[in-house]
Protein chains: 2
Amino acid sequence: MSPKKFSSRYTSLYRKLSAQEQVAILLYMSKWLIICTLVGALVGTASELFLVSLAWATNWREAHPWIIALLPAGGFLVGALYYYFGKEVEAGNNLLIEQIHQPTHIVPFKMAPLVLIGTVATHFFGGSAGREGTAVQMGGSIADQFTRLFRLSDEDRKTLLIAGISAGFASVFGTPLAGAIFGLEVFFLGRIRYHAIFPSFVAAIMAETIANAWGLEHTHYLIGEIPSMNVWHIGYAVGAGLCFGIAAFVFARSTHFFASIFKRYISYPPLRPVVGGILVALAVWTAGTTKYVGLGIPTIVDSFHTSLPPYDFALKIVFTAVTLGAGFKGGEVTPLFFIGATLGNALSAIIPLPVGLLAGMGFVAVFAGAANTPIATTIMAMELFGMEVGMFAGIACVVSYLISGHSGIYHSQVIGSSKH
Amino acid sequence: MSPKKFSSRYTSLYRKLSAQEQVAILLYMSKWLIICTLVGALVGTASELFLVSLAWATNWREAHPWIIALLPAGGFLVGALYYYFGKEVEAGNNLLIEQIHQPTHIVPFKMAPLVLIGTVATHFFGGSAGREGTAVQMGGSIADQFTRLFRLSDEDRKTLLIAGISAGFASVFGTPLAGAIFGLEVFFLGRIRYHAIFPSFVAAIMAETIANAWGLEHTHYLIGEIPSMNVWHIGYAVGAGLCFGIAAFVFARSTHFFASIFKRYISYPPLRPVVGGILVALAVWTAGTTKYVGLGIPTIVDSFHTSLPPYDFALKIVFTAVTLGAGFKGGEVTPLFFIGATLGNALSAIIPLPVGLLAGMGFVAVFAGAANTPIATTIMAMELFGMEVGMFAGIACVVSYLISGHSGIYHSQVIGSSKH
């Protein structure tokens, strides 16, 4: 296209768009302000309910670790639940991403209670899993119920799903801005489209506000002293980012690998988490520790200031890949925080940056590489650890995003542009 | 497209991309790490030089306000400089954006010294202008000189220009992450493409690091107490964002309006800033104050804690639109900070949020609406004012971005997707 043609094409587009009146924008804003305030309030409440149940399940398990011996039975429960009642929502996060790209049918509301029960059971019996999958799926399926109520078009439905995902993510981690950007960033690899930016921001901030009003408290991470940036530190951050990206790559591949192994050799789906449960329970018994099951928050907190075994991150990759590959529920993100924070902790032996900073960089950067969301994770680092971590975390997240390749934990993510 | 076809199309794209080896990514990273470290170091140094000259010019003018009477002569200097030596770089920021969309020829290096001299002269004689145009143009033109040196392809040249813009913005405002995102966000309205994300981050962080190493100090803004978020506060932030967006719209239209008036009635370009200079000098004399010329940093700082006249923002719009429309140099952003901060200050009379918070929200949000960069400006608020401002600033920036319409201060910006 010649520059002239190019410019005239966009000039006419510009004219057309500026001819639309400001009134249309005001109507659009009012509509989404109402819808997303409701969505945010409901999703924030659901997240509070979920996190309270999850805390109860985790505390009960920690007090009665023998329950892990029953993990295979818990696995059957989760597997049968989805096999007999939830086949059409089994795809979870990927189903939501697919519906954003190709809206075909409303996501059934039952996705929300199923994933909530499945996740709480997974953690109660000692699987190694996360919680953002639950939050995102509750957010998406709750939001999608408004499609009928407000008679929304397909285009509006996409926006609504993105806002629901943002709300779920924001309220489960207490990071409203990272949540808002996560919803916009996750469905396209390498691109953000802004058509849902206002609904996302409103839903995410509302969800976090309501969850806070219910009394939800998020874990605080103390990162300690942050050195000022210099040329060497940029190099160290790049080097750390490389390691985090490789961990993200290995994690995504391992999860897919175990999932395909379970699928190939066990044809009756409810049996897969039973076998997975046996493997994880045996591994806990062999290792003699419960530190690699559940969310692993205590170890994540420790990784910011205590020297940990350098293989922690590798064991957590295996525990989580088996748990999720077998069909347990919850998601990948908190295990990714664990993997990143403990890997950062281990890297402090060779990279001359403070251990708390490296743990914080790993916390967000392995997730950035696995989910392909470098901007949301950079903002998350600022929201969780403070402004000063931003530059270090930003470099680590972007490098991890680059090096982790064009696959990731969400196979329905569409490649919007090549990474390099 | 059927879902099956859709999915198979992307599956094959995915296979193709994952077949590329991690080695290619490593080579890509090494190349851009070297180039952008150099670009960042040079641009950071140029920004330091520029800001030191600007501080000198501003201080001299404040000590000798009679110099403003010579603004018409300064106008002739700037106008003649560009008319006789800089016609091909006169388009400034828009030239850079055009070259990112349609690379045709290397941006001449002389863009850097010309815009530096033009901006310092504008501020020395008392025009009302900014400084980001200068930083961005120095960044882009310095970066583009590496195109020949490293024999870069057109695609790489786009990346290099984006990195240069990021570096300039980051170092002139001391906001490295906002700078990195600004470069990625500014050339497409409503879309971020990630192909330049690593180069942008490295160049921006390096530029800010080097500028700091040279001893550059940025203004600190004390925003005071931030209330916790609640449902009413979301509504207030939306309301404030509406006002900021309207101000952004009026500013962009005014600047274009005065530029077209000057062009229509004065055919000899060097005469335009002479007439503009007469108008501004007369207005200063009539108003009896110099607060609306130059960058206006003291008034911006005051707006965070002192009650100011409610018409400050309107006068700054007129002063800046005349100055820039006539052909003076520097850019729009610091005046937009002034307009937003003083408008936020005025809004504190009717919106029950603290004055410092409203000033901070306006500071970034009017700019978000005028430049169509809501994510960069939200991050900027976090970098300048602290994490707690993020949610308030985020809503204000997104609303302002929506309401300001599909035009803005950069007419070469291509519409990537409609705002709503």
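1. Let's start where the two chains meet. In this predicted model, chain B and chain A bury about 6400 Å² between them, and 80% of that area lies on carbon and sulfur atoms. The contact draws on 70 residues from chain B and 70 residues from chain A.

2. Which helix gives the largest share of the side of chain B that touches chain A? That is helix H18 (residues 390–403) of chain B, with nine residues. Sorted by kind, the residues on this side of chain B are 44 nonpolar, 20 polar and six charged.

3. Now for the polar side of the interface. Between chain B and chain A the count of salt bridges is zero. The rule does find three residue pairs in polar contact across the interface, with both residues at pLDDT 80 or more.

4. The chains also meet through strands. Strand E2 (residues 191–193) of chain A and strand E2 (residues 191–193) of chain B run antiparallel and are joined by three bridges. If you would like one spot to look for on the screen, try A:Ile192, whose bridge partner in E2(B) is B:Ile192.

5. Salt bridges do turn up elsewhere: a search of the whole structure finds 14 over all chains. One of them joins the side chains of A:Arg61 and A:Glu62, at 3.0 Å from N to O. Are these two residues buried or exposed, or something in between? A:Arg61 counts as buried because its relative accessible area, 2%, is under the 20% cut-off. A:Glu62, at 42% relative accessibility, counts as partly exposed because that value falls between 20% and 50%.

6. Staying with A:Arg61 leads us to A:His123, as the two are in contact. A:His123 sits in helix H5 (residues 111–124) of chain A. With 0% relative accessibility, A:His123 is buried. Setting aside neighbours within four places in sequence, the contacts of A:His123 are A:Leu54, A:Arg61, A:Ala129, A:Gly130, A:Gly294 and A:Leu295.

7. Another salt bridge is a nice one to trace along the chain. A:Asp312 pairs with A:Lys291, and their closest N and O atoms are 2.8 Å apart. A:Asp312 belongs to helix H14 (residues 312–326) of chain A, while A:Lys291 is in the loop between helix H12 (271–287) and helix H13 (297–303) of chain A, so this pair ties together parts 21 residues apart in sequence. A:Asp312 is buried, at 0% relative accessible area, whereas A:Lys291 is partly exposed, at 24%.

8. Over in chain B, compare a pair within one helix. The side chains of B:Lys158 and B:Glu155 form a salt bridge, at 3.8 Å from N to O. Why are they separated by about one helical turn? Because they are three residues apart in helix H8 (residues 154–173) of chain B. B:Lys158 has 17% relative accessibility, so it counts as buried, the cut-off being under 20%. B:Glu155 is partly exposed, with a relative accessible area of 40%.

9. One last residue to find is B:Asn93, in helix H4 (residues 93–101) of chain B. Its relative accessibility is 10%, so B:Asn93 counts as buried. Which residues does B:Asn93 contact, leaving aside neighbours within four places in sequence? They are B:Glu132, B:Gly133, B:Val136, B:Gln137 and B:Tyr410.

Notes:
Residues are numbered from 1 along each chain as its sequence is written. Chains are lettered from A and ligands numbered from 1 in the order in which they are written. Side-chain values use heavy atoms; hydrogens and water are left out. Contact means heavy atoms within 4.5 Å. Buried area is the accessible area (1.4 Å probe) that two parts lose on being put together, summed over both. A salt bridge is a side-chain nitrogen of Lys or Arg within 4 Å of a carboxyl oxygen of Asp or Glu. A polar contact is a pair of N or O atoms within 3.5 Å; within protein, one must be able to donate a hydrogen and the other to accept it, and residues adjacent in sequence count only if both atoms are side-chain atoms. Helices (H or I, at least four residues) and strands (E, at least two) are DSSP runs, numbered from the N terminus. Ala, Val, Leu, Ile, Met, Phe, Trp, Tyr, Cys and Pro count as nonpolar, Asp, Glu, Lys and Arg as charged, and the others, Gly among them, as polar. Two strands pair if DSSP finds at least two bridges between them. Buried means under 20% relative accessible area, exposed over 50%, partly exposed in between (1.4 Å probe, protein chains only).
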